[in-house]
Amino acid sequence: MPSLRYLLWLASYFGVGLGFVDTFPDCANGPLKSNAVCNTTQDPATRAKAVIALFTDDELMANTVNLSPGVSRLGLPSYQWWSEALHGVAFSPGVTFAGSGNFSSATSFPQPITLGSAFDDPLIKSIADVISTEARAFNNFGRAGLDFFTPNINPFKDPRWGRGQETPGEDPFHISQYVLNLIDGLQGGVDPKPYFKIVADCKHYAAYDLENWEGNDRTSFDALVSLQDLSEYYLPSFQSCVRDAKVGSVMCSYNSVNGIPSCANSYLLQTILRDLWGFDDDRWVTSDCDAVDNIFSTHHFTPTLAEAAALALKAGTDLDCGNAYADSLPDALNQSLITRADLEKALVRQYTSLVRSVACNALIFLLNADDFSSFRLGYFDSPDVQPYRQLDWSDVNLPNAQQLAHQAAVEGIVLLKNDGTLPLKSSIKRLAVIGPFANATTQMQGNYQGMAPFLVSPFQGAVNAGFEATSVLGTTISGTSTAGFSAAVAAAQSADAVIFAGGIDNTVEREGGDRTSIAWPGVQLDLIAALEAVGKPLVVLQFGGGQVDDSALKNNQTINAILWAGYPGQSGGTAIFDILSGKVSPSGRLSTTQYPAAYTDQVPMTDMSLRPSSTNPGRTYKWYQGVPIFEFGHGLHYTTFDVQWQGTPPTEFEIASLVADAPSGDPLDLALFDTFNITVQNTGQVTSDYVALLFVNSTAGPAPHPNKQLVAYTRLHQIAGGSSSSASLSVTLGSIARADLQGNLWIYNGSYQLNVDTGPVLLTHQFELAGQPAQISRWPQNSWPQIMSQQYLRSRSSTHTKLNRYWLLGKGAFPRNPESVEGPYELRFPPASGYVVPPEMIKCLGKLSSYARPLHAISPAFEN
């Protein structure tokens with residue numbers, strides 16, 4: 001049966017509006033005119049509580065889903081919470097594109113995997129600002145909501161993951177900086193006052209990077225993650241999004257984390273999200289679509305759907321993207337599994353967000369225009385004085401947006417190999433553009449795309465650049481037929497140079513499907529080999545979010561150049577041929593590691609550990625022990641650079657002084673370690689951008705030690721040949737810290753080395769951190785009740801529900817009559833997961849001694 005997510009997306013793709021109603025409550029004459037929600041002198045939470053208090057129990061429960069029906073007797077219209085805008089306003093239940101004319105398209109930027117390879121944070125903020133402007137314009141005319149389920153900030157640690165294209169890359173520090181700038185642009189500032197531009201949603205929380213791999217499905221997968229990896233790798237991007245960027249919403253993921261489904265996991269949703277990071281009550285959590293239902297149906301975590309819905313609501317999932325809440329919360333309320341207060345808490349969070357976010361088109365309460373003069377606090381200002389309310393079709397796909405989409409594609413494209421063939425010589429006039437991406441248009445958008453105003457294919461890019469070009473398919477992405485080879489070879493023979501455009505696309509990597517191989521699919525390499533034999537200059541354009549093993553191309557002297565483009569968006573073909581022709585110089589850097597194809601045989605996707613072991617060669621550039629085909633940060637230019645320090649950096653730092661000098665009141669991990677100033681000289685003749693990547697490596701602290709880790713980066717623009725430019729690379733304490741087994745961050749004493757750039761390192765510096773190690777953060781440790789779940793409570797008999805229900809539904813910390821519990825049981829918990837057994841549990845276990853015995857989980861995820 002198709003999922004709710006698929007059916008709703010399909011309907012939106014064909015232009016069916018699903019429940020979005022472009023009408024507004026009337027605070028002047030309607031039922032709410034005397035309610036505090038219409039009183040703009042009150043704070044948003046007070047106003048939200050006032051209107052929620054009027055809801056009946058049934059009305060509360062009906063409005064806990066993404067397609068909220070509203071309350072007609074109060075004059076509240078329906079509202080669709082689910083809109084998408086990953087790299088531009090996108091097809092989704094909350095977004096409808098017109099068939100033609102106004103609002104028939106929106107700017108389609110490159111996919112985040114390509115944007116991430118630009119390593120240009122100001123660019124990311126500018127793109128986000130354009131996306132939110134266009135989103136607001138759509139909203140002002142009833143064609144989008146105000147809440148957008150974007151961005152995807154799960155680290156792309158495994159190249160097989162089908163959704164890696166949606167992320168900016170594999171490095172947690174890089175993603176953290178990316179999302180900080182993205183949310184700033186999307187929401188109209190960091191925690192903007194008095195209202196948000198739109199509300200963004202950071203997803204998928206947490207440890208989500210598997211779709212369906214060899215029978216392991218995301219809706220039932222249990223990600224076993226140590227607290228060390230959770231703190232150091234899987235959650236820094238979410239900390240940046242929530243604590244630092246102040247995102248308005250977070251989405252809990254399909255998978256379980258250490259035995260608890262994410263949308264039922266109070267350790268994730270309360271202890272970390274709200275208690276540690278300060279995700280307050282004017283922000284809300286949505287489930288991924290159908291994830292609440294999955295707690296029962298696929299995780300088999302509860303015996304009934306009503307109990308699953310109750311558990312999710314009480315854990316902190318405020319909104320169900322799906323129907324489980326609407327269908328099952330009435331049963332949960334009747335069984336006293338939830339209270340009215342639980343429902344009100346969830347609805348108040350959502351409505352407070354809307355009050356803060358908007359004074360316009362959606363589930364809001366507009367005042368009569370004649371009454372606006374007396375309200376100047378900003379939340380419900382007159383459209384005449386609100387810049388966001390003035391946005392319309394004339395603000396969509398403006399020339400500056402088109403230029404930005406083109407710039408983003410140029411900056412994100414990475415030159416992997418070049419023997420001097422690029423840029424193409426002026427003597428080359430005729431091109432054969434061959435391969436499954438030769439005429440690609442929508443293919444170059446990737447997933448979560450919208451209707452682009454135009455799409456420039458590689459072939460059209462060649463024509464627009466002035467080449468006499470011929471286009472031949474040759475083969476498909478994964479096809480095994482060679483019938484098209486002869487036409488491709490004939491085209492190559494008639495050309496001055498050959499451009500092969502291939503790789504992978506959404507038929508190979510996609511939501512709901514992971515790869516099992518990272519080799520080039522189909523017979524694409526065979527076609528490339530046939531083209532080699534022609535003897536013409538041969539350039540390979542590689543598309544797709546996940547990398548493929550290019551070793552056969554890298555080591556082949558007849559392959560003159562390789563250019564990785566990812567999914568470059570609406571101006572992809574133009575950007576590609578700007579680079580191939582030499583109009584601009586390539587300067588992107590890989591934001592992921594390109595592994596050899598054998599990597600997939602060395603570690604299963606289900607292994608969530610990062611550090612190398614006997615069953616894991618190590619994940620990402622930080623821990624991988626093999627030799628990558630192309631490493632993280634790799635990227636060539638048409639020129640050469642020299643980098644020097646501006647003054648010699650210090651050779652010793654006192655740890656105690658670094659901590660003592662940190663500003664009080666701010667998180668220590670954000671405190672400045674030092675700023676390293678460099679001068680970058682273009683020693684060639686071609687004007688080019690330069691991405692400065694600063695890494696640190698050390699043997700300080702406990703083993704194993706990372707190979708290196710990124711601590712700062714910046715992009716310098718348009719450095720002319722023979723000229724120089726300066727950069728300041730600010731390094732925080734958090735970026736040089738490491739997590740211990742409990743997830744706490746430490747600054748360790750010892751020797752360190754700074755390295756600028758990858759491959760041939762252009763600049764190094766050694767320094768010492770002196771004194772005693774210092775702990776700069778304390779990661780919350782989980783408590784024993786969290787682990788009492790069906791994933792770690794295994795009965796040797798067929799009955800194991802009774803004890804579970806005490807833990808799942810909060811019917812008391814422990815069973816009142818342990819002797820009545822059916823068993824026997826094996827209670828298991830991971831020794832490195834930080835779970836603490838409280839004294840009362842030990843007492844309870846004593847009473848259960850004839851039924852239960854504690855065991856350690858046998859899982860490599862907890863051995864490091």
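Ala, Val, Leu, Ile, Met, Phe, Trp, Tyr, Cys and Pro count as nonpolar, Asp, Glu, Lys and Arg as charged, and the others, Gly among them, as polar. Keep these three classes in mind during the tour, and remember throughout that the model on your screen is predicted.

**Stop 1: the largest pocket**

Select Phe-173, Gln-177, Thr-732, Gly-734 and Ser-735, which lie nearest the centre of the largest pocket among the 46 residues that line it. The volume of this pocket is about 970 Å³, and its lining, sorted by class, has 22 nonpolar, 13 polar and 11 charged residues. Which element gives the largest share of that lining? It is β21, with 6 residues, and you can colour it together with other elements that each supply at least two residues, including α5 (121–140), α6 (172–187), β22 (724–732) and α22 (733–736).

**Stop 2: helices α7 and α8**

Two further contributors to the pocket lining are α7 (227–234) and α8 (236–244), so select this pair next and look along their axes, which come within 5 Å and cross at roughly 60°. That crossing makes α7 oblique to α8. On the α7 side the contact is made by Leu-230, Ser-231, Glu-232, Tyr-233 and Tyr-234, while α8 brings Pro-236, Ser-237 and Phe-238. Counted by class, this contact has 5 nonpolar, 2 polar and 1 charged residues.

**Stop 3: helices α11 and α12**

Now move to α11 (residues 305–315) and α12 (residues 324–334), which pack at an angle of about 100° with their axes 8 Å apart. Angles of 65 to 115 degrees count as roughly perpendicular, and α11 and α12 are therefore roughly perpendicular to each other. If you show side chains, you will find Leu-305, Ala-306, Ala-309, Ala-310, Ala-312 and Leu-313 of α11 meeting Ala-324, Tyr-325, Ser-328, Leu-329, Asp-331 and Ala-332 of α12. The classes in this contact are 10 nonpolar, 1 polar and 1 charged.

**Stop 4: the largest cavity**

Rolling a probe the size of a water molecule over the atoms shows where empty space is left. A search of the whole structure finds 5 cavities of 30 Å³ or more, and the largest cavity has a volume of about 100 Å³. To see its surroundings, select Val-696, Asn-697, Ser-698, Ala-700, Pro-706, Gln-709, Ile-736, Arg-738 and Tyr-752, which line this cavity. Strand β20 (residues 688–698) gives the largest share of the lining, 3 residues, and by class the lining has 5 nonpolar, 3 polar and 1 charged residues.

**Stop 5: backbone details in three loops**

Most residues other than glycine have a negative phi, and most peptide bonds are trans. With that in mind, select Tyr-205 and Ala-206, whose peptide bond is cis with omega near 20°; Ala-206 lies in the loop between β3 (201–205) and β4 (212–213). Another cis peptide bond runs from Leu-422 to Pro-423, with omega near -5°, and Pro-423 lies in the loop between β11 (414–418) and β12 (430–434). Finally, pick Asn-397 in the loop between α13 (340–357) and α14 (399–412), where phi is near 55°, a positive value in a residue other than glycine.

**Stop 6: confidence along the chain**

Colour the chain by pLDDT to end the tour: the mean is 87, and 84% of the residues reach 70 or more. Residues 4–23 stay under 50, with 47 contacts beyond four places in sequence in the model. Residues 358–382 are also below 50, and this stretch has 84 contacts beyond near neighbours in sequence.

Notes:
Residues are numbered from 1 along each chain as its sequence is written. This is a predicted model: local features need pLDDT of at least 70, side-chain atom pairs count only at pLDDT 80 or more; totals for chains, interfaces and linings use all residues. Side-chain values use heavy atoms; hydrogens and water are left out. Axes are lines fitted to C-alpha atoms, for helices over the stretch in contact, and angles run from 0 to 180 degrees between N-to-C directions. Helices (H or I, at least four residues) and strands (E, at least two) are DSSP runs, numbered from the N terminus. Angles under 35 degrees count as roughly parallel, over 145 as roughly antiparallel, 65 to 115 as roughly perpendicular and the rest as oblique. Contact means heavy atoms within 4.5 Å. pLDDT is the predictor's confidence in each residue, from 0 to 100. On a 1 Å grid over the protein atoms alone, a cavity is a set of points where a 1.4 Å probe fits but cannot get out, and a pocket is an open set with protein on both sides within 12 Å along at least five of seven lines; lining residues have an atom within 4 Å of a point. Grid points are joined across faces, edges and corners, and a volume is the space filled by probe spheres set on the points.
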